[in-house]
Amino acid sequence: RPLSEAIKKRNALYNEEVKRQKESVGRIEKITVEYKGIPKDETFAMNKAISTPYHVAQHLNEFMASKAALALVDGQKVWDLHRPLEADCSLRLLQLTDAEPHMSNKAYWRACSFLLGALAETCFKDNVECRLHSFPSPNVRSGSFVYDVQLSLDDWTPTKDELRILSAEYVKICRQHLPFHRLDVDPELAEEIFSYNPFKSSQIPDIASNSPGNKITLYRVGDHLDISRGPMISNTKLLGRTTITAVHKLDSELENMYRFQGVSIPAEIMINHFAYSILEQRALKLNPARIPGVSESQPVYQSAEAV
């Protein structure tokens, strides 16, 4: 099947680039990381461009390593937990249950959309062609996380049973406890990785021109690779109750575009059945995010909320 070949190829290219970047680090330099937070403030000597906030969390204790979703570097930069640290810094670990969870919530919603792309790409039988287009900036207030997809289906409305199956498959991905890995690459490599997808390929030059250092930021979870400026949460195990609530056929100049939508709450947050059913109802209606292919006079709809 062409898609499974593309998945193999893109992962091989990604693995080669990870290896190349690791080898290019050269002589290991030490950096000082000043951790602020519970159980107590501590200073660690870590390896520049190798050590990550997750390694700091592991030094603290197992509880911190399993609950941390993100890091805050120097009090202002939101940093992926598995992203290597680049210089001396102060570090806080962010959890999804923090009193001020705004930054963590956005990363959670973004990760939910990313995983929805992983689901859409692999859930159909071989006779249905699926091309991922993009997902919009996370907007928690909209009530749903989203991924826009082109399918070789003229007029598909999923049944309740099909939505239940999609939800179960999504939860199955999360239960594999997969880490989110981030990698910045040159646009030429990104174009090679996504050569099978004309949407992603056409979005790459625009994303690169609006990115620091003209780089494309990729994320990988399991075998799934996508473009996003991030940040994302640390691991799929942080996702709790999740429902794929709707798939809407979009009114777009692009043929057969569908908007997949869902709702999710973090595993740490307890919510009763009635309250959750209200969230599910809200997530049924068409999410108001911009529709691909509707306003072509505006700047390109950028993959994975690159603006």
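Here are three short exercises on the structure above, each with a worked solution. The model is predicted, so local features need pLDDT of at least 70 and side-chain atom pairs count only at pLDDT 80 or more, while totals for chains, interfaces and linings use all residues. Residues are numbered from 1 along each chain as its sequence is written, and side-chain values use heavy atoms, with hydrogens and water left out.

**Exercise 1: cysteines**

Work out how many disulfides there are, and find the nearest cysteine sulfur to that of Cys123.

*Solution.* Start with the basics: a disulfide is a covalent bond between the sulfur atoms of two cysteines. Here it is called when two cysteine sulfur atoms lie within 2.5 Å. With that rule, you get zero disulfides. Cys123 is in none, and its nearest cysteine sulfur belongs to Cys130, 6.9 Å away. Now try Cys174: the closest cysteine sulfur, in Cys112, is 7.3 Å off, too far for a bond. For burial, use relative accessible area: buried is under 20%, exposed over 50%, and partly exposed in between (1.4 Å probe, protein chains only). Cys123 comes out partly exposed at 29%, whereas Cys174 is buried at 6%.

**Exercise 2: rings**

Classify the pair made by Phe194 and Tyr196.

*Solution.* First, the rule: rings of Phe, Tyr and Trp (its six-membered ring) pair if their centres lie within 6.5 Å; planes under 30 degrees apart are stacked, over 60 edge-to-face, and the rest tilted. The count is nine aromatic pairs. Phe194 and Tyr196 sit 6.4 Å apart centre to centre, with 40 degrees between the planes, which makes the pair tilted. Next, check burial: Phe194 is buried at 1%, but Tyr196 is partly exposed at 25%. Elsewhere, Phe124, Trp156, Tyr258 and Phe260 form one aromatic cluster.

**Exercise 3: a sheet and its helices**

Find the strand order of the open three-stranded sheet, then say which strands helix 4 touches.

*Solution.* Helices (H or I, at least four residues) and strands (E, at least two) are DSSP runs, numbered from the N terminus. Strands pair if DSSP finds at least two bridges between them. The order is 8-9-10, with antiparallel pairing. Strand 8 (181-185) and strand 10 (224-227) are the edges, each pairing on one side only. Four bridges join strand 9 (residues 216-221) to strand 10, and Tyr219 has Asp226 in strand 10 as its bridge partner. Finally, helix 4 (residues 102-122) packs on the sheet and touches strand 9 and strand 10, where contact means heavy atoms within 4.5 Å.

How values were computed:
Axes fitted to C-alpha atoms, helices over the stretch in contact; angles between N-to-C directions.
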